[in-house]
Amino acid sequence: MIADKTRPAVSRRSLLTGGLAAGFLLAFHLPLRAAVNEPVQPEDKTDGKFAPNAFIRIDPEGVTTLVMPQVEMGQGIYTAVSMILAEELDADWSRVQLLHAPANEKLYGNPIFIIQATGGSTSVRAFWKPLRDAGASARAMLVQAAAAQWSVDPASCTTSKGVVTHKASGRTLAYGALAEAASGQTPPKTPTLKDPKDFVYIGQPFKRLDTPEKVNGKAVYGIDAIVPGMKFATLAQCPVFGGKVGKVDDRAAKTIPGVRQIVVLDDLVAVVGDHMWAAKKGLDALDITWNEGPNAKINSKAVWDDLRAASAKDGVVAKSTGDIAKGLAAGEKYEASFELPFLAHATMEPLNATVHCKPDSCEIWTGTQIMARVQSEAAKAAGLPVEKVTVNQHLLGGGFGRKLEPDMVVAAVRIAKQVDGPVKVVWTREEDIQHDVYRPVYRDTIAATLSDGKISGWKYKIAGAAIIARWLPPAFQKGIDIDAIDSATDVPYDIPNVHVEYVRAEPPAIPTGFWRGVGPNNNVFAVECFIDELARKAGKDPVEFRRGMLASQPRFLSVLNLAAEKASWGQPLPARVGRGVCLQPSFGSFIATVVEAEVDEQGEINLRRATSVVDTGIAVNPDTIVAQVEGGLIFGLTAALYGEITIEKGRVQQSNFNDYRMLRINQTPKIEVHVVRSGEAPGGIGETGTTAGPPALRNAIYAATGVALRRLPIDRTLLAAGKKA
C-alpha cells in the first residue's frame, strides 16, 4: 500500500549521474536559443499531422508532439503532463517530443483559474481529466481509422506503444501510418478512459525529462535567450515604493566602455550596453536623484500597527457551523494570535526579459507563469494589438508565484521601445529583492475552548491583503479572498462549532502577491501551532490529540499515523530536542509532517530530521512528488528560520543573500517522504512542503523548550532566554 521513498543524504555527484528510469527515454526537444531565421518557440504547425485537439500532434513518421499547457519551473510538470497524455494515447514513449503551448487562454486556460496560468499546485489536478480525455479521444480515433481499413469492429483492436493491433488477425498499423486517416474520424463525445490498473506510465517513478539538458548546459532559461544583434540592459528603480526619477547625471556612465545608451523613464533608469558587465558598470556610475514621494515615511512598525488594529475589527464571515457562542462557552477558553512577515521570492533566476520592439510588432523571450496575460500587458505597454505581440516561453529558474506577475516584462517592453534592436533586460539580485511583489504580512487571532479533551468551539480570524481582489477580481466575492481563507475554512478536525472571519487589510504602497502557498502557509501555521498548544492544555500528546478529532477523516488519520510511525514519534529524545507535527488539508492533498529539531542554549536551531507522509491521490510520478515535498520543506524551513522583509523610510532593507538568508546545505536535515498509494483523483503537491515545514518546526521547538513561538521568523533571543513568546 505504501511507496516508501526514504531519501538519505546524497552527494551532488551521485544525484547528477543518476540516469533516467530504466527502460524509459523521452526525446526532450525544447528550443534552445534564438538564431538567425530560427525562432525560439517553434510554430505549432498541424499541416499533414493528426491533430485531434490542442495537446496532441502525430506526423506521418510517427513522431508524437505533446503540447504543454503548463510551464516548467522546476516542478517537473512537463514530465507529468507528458506521462498523462502518453498514457491515455498509448504513445510510443521513445518517439515523443514536447512543445510549449503558445499564449492562448481559450485552448490552454487553467480549468481552475480559467486564465492561462501555472500556479497554486493546480497543474495535475486541474488538467488530469482534460489531458486524459484528450489522449483517450485521440487513441479512439486512431483505432477507428485502423478498424475502417481492416473492416473490423474497433472493439477488436488494441493499442500499445504507438501501434494499433487487430488481435484476431495479428495485423498492425503504426500511429504515423494512420495519421491522415485518423484526421477524418469523428472524436467520441465521451472517450473511454483506462482503468488505473492498466496504467503503464502513470505511477512509475520517471526521472525528470528536463534534467539531462539542465546538467549538460543545453537547457535555456529566459535569462539565457540569445537573439542576433541583441544588446544588454540593467536598471534601477526608485528605492522607495512609488517613487519617481528626479535628475540623472549620466556623464560618467557614458565614459564606460561598452555603454551604448541611457534610458530614462518616469520611474526607472536603464543602461544599455554591449554586454551585461558594461550595463552594470554604467548603472553604478550614474548619479540619480529620486523624488521619493509620500511613501518614504512607511516603516515596518507602522505596517504592523495598522495590521494589528485591523485584526481587532469584525471581518466578513467565511464559514460558520454550529453555534459558536455556545461552543466558546462550553469549556475553558484559550486565545492566541499569530503573525507572519513579508517575504521575497528570491528565485535562483533573477527577473529578466528579452524584447524586440518594432513599430508594428513586439517579440518577447522570457519565462513566465502567465503567458497570455504577459502578452496582453506587453501589448498595452507597446501600444500594439495583442495579435502583434509574440511571447516565446522558456524554462523558469524558479517561479514560486513571482512570475504570476507581468511587471518585469512590461518594464522590459518600455525600455525596449527606446532601443533600436532587441535588448535583454536583467535585474540585479538587489533590484529583484527590493522590488519584489511580496508575500503579505498576516495576523491571525484564534479563540478556542476545550471540553472533555476536545475542541468544542473555534473562532478564527484572518487579517491580511486580498491578492485575489487584484489578481483575479471575479474570484473576489462578498469581501472574501478565497486564497486568504484557504486551509482556514477546511481544517481537518471534527469541531462542532466553527466560525471563520476575514478582514481585508492592505499594507500601504507595498505590492503583495502569491508566494508558494500564501493563504495556506499562513493558516496552516496558525492552526497547527495553536492545536499543539491546546493539546498541552488538554494534557495530551499532540498526535493523540489530533487523532481524537479525525474520526470522519480516514485519509488524514492514515497519513498522521504513518508519519508518527516513520518519525519514531514517542521515542525518547535528548534534552532540548523535540518533535513537532503538522497536519494539513492544503491543495487537495492529505499530508502529515514531523520535524525533529534541537535548540541549543543560544537559541540556534539544528534541524535533525523531517518526515512527510503524502496521500495526493493517484501519484502520476512518485519521484517528482518526493522531490517537490523535499524542496518545499527546505523552502519553508528557510523562511521559518530566516525569512523576513522589513521596511524603513519606504525602502526594503534586505538586498541579497547576505541579509536575506537561505538554508545552507550543511543545515539541511535528513528528509524522508513516503507516498501513499491511492486510487483517488490527484491533488496538488508543489507547495505542500513549504506549508508544512514552518508549523512542524515551531512545534518541535515548543516540545524541546516549552516556548510557544507565535511569530516568524524564529526569534532566537526568546529561545535563548527561555521565555514564553
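**Notebook: contacts, strands and odd backbone spots**

I began with the contacts of this predicted model. Of the contacts in the protein with a separation of 6 or more, 76% are between residues 24 or more positions apart.

**Overall build**

I counted the secondary structure next and noted 19 helices and 27 strands. The radius of gyration is 27 Å, close to the 27 Å that the globule rule gives for 725 residues, so I entered the protein as being as compact as a globular protein of that length. I then took the span of the C-alpha trace along the principal axes, which is about 75 × 75 × 50 Å.

I looked up burial for the whole protein: buried residues are 58% of the 725. The exposed surface comes to about 28,500 Å², and carbon and sulfur atoms supply 52% of that area. For charge I have 81 positive and 78 negative side chains. The centres of these two sets lie 2 Å apart.

**Strand β8 and its partners**

Which strands are joined to β8 by bridges? I found β18, residues 423-426, joined to β8 by three bridges and running parallel to it. I also found β11, residues 268-273, joined to β8 by six bridges and running antiparallel. For single pairs, I noted that lysine 231 has valine 423 as its bridge partner in β18. Alanine 233 has valine 272 as its bridge partner in β11. Strand β8 itself covers residues 231-237, and I logged it as mostly covered, with five of its seven residues buried.

**Strands β9 and β12**

I went along β12, residues 287-291, to see where its side chains point. They alternate: Ile288 and Trp290 are buried and point to one face. Asp287, Thr289 and Asn291 point to the other face and are not buried. Strand β12 pairs with β9, residues 244-249, in the antiparallel sense over five bridges. In this pairing I found lysine 244 opposite asparagine 291 of β12.

**Asparagine 110**

I looked for asparagine 110 and found it in the loop between α3 (105-108) and α4 (123-150). Is asparagine 110 buried or exposed? Its relative accessible area is 0%, so I entered asparagine 110 as buried, the cut-off being under 20%. I then listed what asparagine 110 is in contact with, leaving aside its neighbours within four places in sequence. The list is Gln70, Ile115, Gln116, Ala117, Thr122, Ala126 and Phe127.

**Backbone angles**

Most residues other than glycine have a negative phi, and most peptide bonds are trans. I therefore kept the next three spots on a separate page.

Lysine 478 is not a glycine, yet I read a positive phi of about 55° for it. Lysine 478 is found in the loop between α13 (467-471) and β21 (497-504). Its relative accessibility is 77%, so lysine 478 goes down as exposed, the cut-off being over 50%.

Arginine 576 also has a positive phi, near 60°, and is a residue other than glycine. I placed arginine 576 in the loop between α16 (554-566) and β22 (577-584). With a relative accessible area of 24%, arginine 576 is partly exposed.

The third spot is a peptide bond. From leucine 712 to proline 713 the bond is cis, with omega near 0°. I found proline 713 in the loop between α18 (688-705) and α19 (716-721).

**Two distances**

How far apart in space are threonine 172 and aspartate 444? I read 64 Å from C-alpha to C-alpha, with the two positions 272 residues apart in sequence terms. Threonine 172 lies in strand β7, residues 172-174. At 48% relative accessibility, threonine 172 counts as partly exposed. Not counting residues up to four places away in sequence, threonine 172 touches Trp150, Val163, Val164 and Thr165.

For the other distance I took valine 676 and alanine 619, which are 57 residues apart along the chain. Their C-alpha atoms are separated by 8.5 Å. Valine 676 lies in strand β27, residues 670-676. Its relative accessible area is 10%, and I entered valine 676 as buried.

Methods
Residues are numbered from 1 along each chain as its sequence is written. This is a predicted model: local features need pLDDT of at least 70, side-chain atom pairs count only at pLDDT 80 or more; totals for chains, interfaces and linings use all residues. Side-chain values use heavy atoms; hydrogens and water are left out. Buried means under 20% relative accessible area, exposed over 50%, partly exposed in between (1.4 Å probe, protein chains only). Helices (H or I, at least four residues) and strands (E, at least two) are DSSP runs, numbered from the N terminus. Two strands pair if DSSP finds at least two bridges between them. The radius of gyration is taken over C-alpha atoms; the globule rule is 2.2 Å times the number of residues to the power 0.38. Contact means heavy atoms within 4.5 Å. Accessible areas come from the Shrake-Rupley method with a 1.4 Å probe; for residues, only the protein chains shown count as cover. Lys and Arg count as positive and Asp and Glu as negative; His and the chain ends are not counted. The place of a charge is taken as NZ of Lys, CZ of Arg, CG of Asp or CD of Glu.
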